Amino acid sequence: MRIVVKVGTSTLAYATGCLNIRHAELLVKTLSDLKNAGHEIILVSSGAIGMGVGRLSLKEKPQDMPTKQAAASVGQCELMYTYDRLFGEYNHTVGQILLTGADFSHADRKQNFENTLERLLELGVIPVVNENDTIATDEISVGDNDTLAAMAACSAKADLLVLLSDIDGLYTKDPHKNQDAQLIPLVTEITPEIMQLADGEGSGLGTGGMITKISAARIAMDFGMDMVIANGARPRGLYDIVEGKSVGTRFRKG
C-alpha cells in the first residue's frame, strides 16, 4: 500500500515552538515499522515555521512576511535534521521535496515532481514533502498543507491519505466547547452540513483547521482515495488505519 501521512505543527511542536520529542519519535518509529512491513510511505510535514519560531527564540508566530520566511528557512533545516536522525535510527533514508502551487498548476513541473517522487520510492527513500514557505509568499498566507497533502497523494496515486492533527477526527460539535460532541466515524459525502461542522481555527503555531481537512477530503474522495483524520498524539493508530479499522474519521466515497 502507498500511504501519504500528513503531520501538523501541533503534533510536532509544543506551543513554544520546541520539538515535541515524544510525538516525533513515536511517529517515526511507527512509519518506519509500516515501511518495514512493505508499505511505501510519503510524509507531508508541516512545522517549519513553528520550529523556526522555537529555534529563533521568538515569543510568538511572526505576522510579517520576511520574519515568517526567515523562520521557515531556519525551521526547515531543523525539521529535516530531526527526520534524518530519527529515521536513520531505523536504517531508513529520507529525501526532501519542497513545493509551491506552481508545481501542480504547470504540467512540466508537475510531471517532474511526480517523476522524482516515483524514483525516490523506487530507491526505498521516504520523501518528506512541505511547502516552500521560504519563497512562496502566497503559500504562506494560505498555509494549507492539508490540501498540499491531498494533491501530493493524488500525484503519487496513493492508496490512502492520513491527516494527523490535534483532534481525534470530525465531531458533531466543537469537542473543546461541547461535552456532548460525538465523533463521526465515517463520511461518504461532503455535504453543506459537513462543511458547517468544519468551521473553526487551527492551532496557534499551525495555519490549518478542520475546514482545510474537509477540502483535502473532497480532493481525495474525488480521486477515489480514502482519507482519515486521526490524532497525531497517538501515531500507533496508523496500524489500525492501514488495516481499515475504525480510527478517527474516515472519508470514503459512497
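## A walk from Glutamate 89 through the chain

Begin by selecting glutamate 89, which is exposed, with a relative accessible area of 52%. The model in your viewer is a predicted one, and glutamate 89 sits in its loop between α4 and β3. If you now add valine 28 to the selection and draw a line between the two C-alpha atoms, the line will span 9.6 Å, although glutamate 89 and valine 28 are 61 residues apart in sequence.

**Along the loop to asparagine 91**

Keep to the loop between α4 and β3 (94-99), and select asparagine 91, which has its place there. At a relative accessibility of 73%, asparagine 91 counts as exposed, because the cut-off for that word is over 50%. Look also at the backbone here, since asparagine 91 has a positive phi of about 65° although it is not a glycine.

**A second positive phi, at serine 57**

Where should you look for serine 57? Select the loop between α3 (48-55) and α4 (65-88), where serine 57 is found. Its phi is near 60°, a positive value in a residue other than glycine, and with a relative accessibility of 62% serine 57 counts as exposed.

**Into helix α2**

Now select helix α2, which covers residues 21-36, and pick out serine 32 within the helix. Is serine 32 buried or exposed? Serine 32 has a relative accessible area of 1%, and it is buried because the limit for that word is under 20%. To see what surrounds it, select Phe87, Tyr90 and His92, with which serine 32 is in contact when its neighbours within four places in sequence are left aside.

**Strand β3 and glycine 95**

Move next to strand β3, and select glycine 95, which lies in this strand. Glycine 95 is buried, with a relative accessible area of 12%. Which residues does glycine 95 touch, not counting those up to four places away in sequence? Show Met80, Val125, Ile126, Pro127 and Val128, and you will have the residues that glycine 95 touches under that condition. Then add leucine 117, whose C-alpha atom lies 9.4 Å from that of glycine 95, while the two residues are 22 apart in sequence.

**Helix α5 and aspartate 103**

The next stop is helix α5, made of residues 102-105, in which aspartate 103 is found. Aspartate 103 is buried, with a relative accessible area of 13%. Leaving out residues up to four places away in sequence, you can select Leu98, Arg109 and Lys110 as the residues that aspartate 103 touches. For a long line across the view, select isoleucine 184 as well: its C-alpha atom is separated by 34 Å from that of aspartate 103, and the two residues are 81 apart along the chain.

**The cysteines**

How many disulfides are there? The count comes to zero disulfides. Select cysteine 18, which is in no disulfide, and then cysteine 77, which holds the nearest cysteine sulfur, 17 Å away. A disulfide needs two cysteine sulfur atoms within 2.5 Å, so the 17 Å between the sulfur of cysteine 77 and that of cysteine 18 leaves cysteine 77 in no disulfide as well. Cysteine 18 is partly exposed, with a relative accessible area of 41%, whereas cysteine 77, at 56% relative accessibility, counts as exposed.

**Stepping back to the whole chain**

Finally, clear your selections and show the whole chain as a cartoon, in which you can look for eleven helices and eight strands. The radius of gyration of the chain is 17 Å, close to the 18 Å that the globule rule gives for 254 residues, so the chain is as compact as a globular protein of that length. Along the principal axes, the C-alpha atoms fill a box of roughly 40 × 40 × 35 Å.

If you colour the chain by burial, buried residues will make up 54% of the 254 residues. Of the contacts between residues at least 6 apart in sequence, 72% join residues at least 24 apart. With the surface switched on, the chain exposes about 11,900 Å², of which carbon and sulfur atoms supply 49%. As a last selection, show the 24 positive and 32 negative charges of the chain, whose mean positions are 3 Å apart.

Technical notes
Residues numbered from 1 in each chain as written. Predicted model: local features only at pLDDT ≥ 70, side-chain atom pairs only at ≥ 80, totals over all residues. Heavy atoms only, no water. Buried < 20%, exposed > 50% of the residue type's maximum accessible area, 1.4 Å probe, protein only. Helix = DSSP H or I, 4+ residues; strand = E, 2+ residues; numbered from the N terminus. Rg over C-alpha atoms; globule rule 2.2 N^0.38 Å. Contact = heavy atoms within 4.5 Å. Areas by Shrake-Rupley, 256 points an atom, 1.4 Å probe, with all protein chains shown as cover. Lys, Arg positive; Asp, Glu negative; His and termini not counted. Charge placed at Lys NZ, Arg CZ, Asp CG, Glu CD.
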